[in-house]
Amino acid sequence: IRKVKYLSIDDNLSIEEKVKIISNTISAICFNDLPIDIDIDEKKVNVNLVESKESHKSWKNDFLDENNLEETTLLLVKNLLQEDYKGEWINTVHITYEGEDIN
């Protein structure tokens, strides 16, 4: 079971900076600090999951296999969309693994 964590993020930061703080926190807490590259295009955030040679965990083998793919993508999308946030925010999350769409 994953714990809920609330972050206090400075309102003066850009949306991209806020999204990067959220994605870095998700990576640290849920995905063994595996890299998450973020790129924002208007209201869409592109998330690229990148393997790390330094980690004993792998996106592909540990978090994107058939047993974990749905939970991993749901966790990323729900946390990045911040549906309860009332300010200016993204409305679309697109996830790739090593630059390729994941199914």
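A polar contact here is a pair of N or O atoms within 3.5 Å. Keep that cut-off handy for the exercises below, and bear in mind that the model is predicted.

**Exercise 1. Work out which backbone nitrogens the side chain of Ser58 reaches.**

Solution.
- Start by finding the residue: Ser58 sits in the loop between β2 and α2.
- Next, look towards Lys60. Its backbone nitrogen is 3.2 Å from a polar atom of the Ser58 side chain.
- Now try Asn61, whose backbone nitrogen the side chain of Ser58 reaches at 3.1 Å.
- Hold both distances against the cut-off of 3.5 Å. The pairs with Lys60 and Asn61 are the ones we were after.

**Exercise 2. Decide whether Ser58 is buried or exposed, and find what it touches beyond its sequence neighbours.**

Solution.
- Buried means under 20% relative accessible area.
- Ser58 comes in at 12%, so it counts as buried.
- Skip residues up to four places away in sequence, and Ser58 touches Leu34, Glu51 and Phe63.

**Exercise 3. Lay out the sheet and say which strands are at its edges.**

Solution.
- Read off the order: four strands form an open sheet, β1-β2-β3-β4, and the pairing is mixed.
- The edges are β1 and β4 (100–101), since each of them pairs on one side only.
- Zoom in on β1 and β2: they run antiparallel and are joined by six bridges. Within this pair, Asp39 faces Asn46 of β2.
- Then add the helices. α1 packs on the sheet, where it touches β1 and β2, and its direction makes about 155° with that of β1.
- α3 packs on the sheet too, touching β1, β2 and β3 (92–97), with about 145° between its direction and that of β3.

**Exercise 4. Place Ile38 and list its contacts.**

Solution.
- Ile38 belongs to strand β1, residues 36–41.
- Its relative accessible area is 12%, so Ile38 is buried.
- Leave out neighbours within four places in sequence. Ile38 then contacts Glu16, Val19, Lys20, Ser23, Val45, Asn46 and Val47.
- One more check: Asn48 is ten residues away from Ile38 along the chain, yet their C-alpha atoms are 6.5 Å apart.

**Exercise 5. Describe helix α1 and what covers its buried residues.**

Solution.
- α1 takes in residues 15–30, and its 16 residues reach 22 Å from first C-alpha to last, close to the 22 Å expected.
- Among its buried residues are Val19, Ile22, Ser23 and Ile26.
- The cover over the buried residues includes β1, β2 (44–49), α2 (59–63) and α3 (69–81).
- After α1 comes Asn32, with a positive phi near 55°.

How values were computed. Residues numbered from 1 in each chain as written. Predicted model: local features only at pLDDT ≥ 70, side-chain atom pairs only at ≥ 80, totals over all residues. Heavy atoms only, no water. Helix = DSSP H or I, 4+ residues; strand = E, 2+ residues; numbered from the N terminus. Buried < 20%, exposed > 50% of the residue type's maximum accessible area, 1.4 Å probe, protein only. Contact = heavy atoms within 4.5 Å. Expected span 1.5 Å × (residues − 1). Polar contact = N/O pair within 3.5 Å; in protein donor to acceptor, adjacent residues only side chain to side chain. Pairing = 2+ DSSP bridges. Axes fitted to C-alpha atoms, helices over the stretch in contact; angles between N-to-C directions.
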